[in-house]
Amino acid sequence: MLTGCGAVLPNDAEDPPITVMTWAPEGTKATNMPGMPAMAKAFARWVNGSGGIHGRKLNVVTCNERNDAVQAARCAQRAQEEKAVAVVGSYSQYGRSFISPLEVAGIPYIGGYGLTQEEFDSPYSYPVNGGQAALLVGNGRQLASRCKRVALVRPDTIAGDELPQLLDTGLRAGRRDAAHDVRAPEDAGDYSKQATSALEGVGADSSLGTAAQGAALDGSCVTAALGNRTGTFFDSFRRVQEDHPKVRIASVLGSVRQSLVDSTGGGSSPLEGTYATGWYPAPDDPRWNPMKKVISTYAFDDNRIDPNDPGTQTTWIGYTVLRSVLMSLRADDISARTVRNALDDGHAVDTGGLTPTLRWGYGDTLHVPNYSRIVNADVTYQVVRNGRLVAVRKGFVDMAKTLEEYHPAD
């Protein structure tokens, strides 16, 4: 009779949403990643518009990490307060600050950007790429085929301190000498001093002629990994380069991205010819079409989201993992513990070819010193050609064996 009258029984109440968190720095003087929380929100709108997770809504809580160790820890503490079942697709260079609170709360960290060592040695972390380790080792291998001398310009930070040894591992695999290490402040407005040091470090002395005179050193290369400040560095580098022989420039994806090429002149950009090492297929690859469709449908007017940005791409892949795991669980048994257990038991995730099939079970991780959680060491080689970042070669290059040769200094 109650049913006939349209009454709603207590058991018919809507199930509570499934809460997850995404954090990234926004509005700072250093690297900002506003597209990552924005992509997370768009993904949730898509999932909820498609029936949710077993009928339950996906609730994404975001946190501004502010490029600050204290704030990173607060974001992790807030994830516990919000009863998040996971932190997904996030960016922070302060792994020491956020991993411990997550471990205490039992919250898994899925698809972080891959900046810090802690993301690759905590049993609560489930990385979707090889992080800075794979990028720098891959960049070293890419440059070793062309460059006799290399200079690396990188942040003068704890996270930045790991980069030279990683790049040198790739160079050493290609039988090249270690790179000249140039430290740079994260938030500088001018990098002329560092540009000069990099050029001198690869033998591009002004006494050998200048770029304007046609002088060039084909075997000398400068690679930069400064995040959002890479554009500022290359602007300074272009000016300093005029009084030195021309050298080849390179970077890693995240430091050089399509938006930077566009903003510096497209086909006439000084970045034309720049080598870049990335984690995923080139921006024009059709495997990104499902992500682009979600962005155009659920975030068409959100200019924070750049589909070509590796932060946006990593967030998409991180949430693809999350959705796959959640759909494998019972609707009434979804928690941080069950998500973690499913991943630890070897739940396999198909990312549509954007990565290999991802699994974090026993035996799936690689044997990389200090990076024991890496399960995907693939990179892609790209180049700026006619103003577009395009693939140099088809498919992925597996850096697993080269990474296993990495021996961090004490």
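How many bridges join S11 to strand S13 (residues 397-398)? In this predicted model, the count is 2, and the two strands run antiparallel. One of the facing pairs here is a valine with a valine: Val 379 stands opposite Val 397 of S13.

S13 is a handy way into the sheet around S11, which spans residues 378-385. Strand S12 (residues 388-391) is also joined to S11, through 4 bridges, and again the run is antiparallel. Val 383 of this pairing sits opposite Val 390 in S12. S11 and S12 form a hairpin with 2 residues between the strands, and Asn 386 adopts a positive phi there, near 55 degrees. Then there is strand S10 (residues 275-278), which pairs with S11 over 4 bridges in the antiparallel sense. Within that pairing, Ala 276 has Gln 382 of S11 as its bridge partner. As for burial, 7 of the 8 residues in S11 fall in the buried class, so the strand is largely enclosed by the rest of the structure.

Turning to the record, the unreviewed UniProt entry carries the annotation "domain: Leucine-binding protein" over residues 27-354. In the model, that stretch is 40% helix and 14% strand, with its end C-alpha atoms 30 Å apart.

Two loop positions are worth a look. Asn 32 lies in the loop that links strand S1 (18-24) to helix H1 (35-49). With a relative accessible area of 18%, Asn 32 counts as buried, because the cut-off for that label is under 20%. The Asn 32 side chain picks up two backbone nitrogens: that of Gly 27 at 3.1 Å, and that of Thr 28, which lies 2.7 Å from a polar atom of the side chain. Setting aside residues up to four places away in sequence, Asn 32 touches Pro 25, Glu 26, Gly 27 and Asn 228.

The other position is Gly 106, in the loop between helix H3 (95-105) and strand S4 (109-110). Gly 106 is buried too, at a relative accessible area of 11%. Once neighbours within four places in sequence are left out, the contacts of Gly 106 are Tyr 124, Ala 336 and Arg 340. As for Val 85, its C-alpha is 8.9 Å from that of Gly 106, with the two positions 21 residues apart in sequence numbering.

Conventions:
Residues are numbered from 1 along each chain as its sequence is written. This is a predicted model: local features need pLDDT of at least 70, side-chain atom pairs count only at pLDDT 80 or more; totals for chains, interfaces and linings use all residues. Side-chain values use heavy atoms; hydrogens and water are left out. Buried means under 20% relative accessible area, exposed over 50%, partly exposed in between (1.4 Å probe, protein chains only). Contact means heavy atoms within 4.5 Å. Two strands pair if DSSP finds at least two bridges between them. UniProt positions are given in the numbering used here, feature names are shortened, and annotations may be inferred rather than shown by experiment. A polar contact is a pair of N or O atoms within 3.5 Å; within protein, one must be able to donate a hydrogen and the other to accept it, and residues adjacent in sequence count only if both atoms are side-chain atoms.
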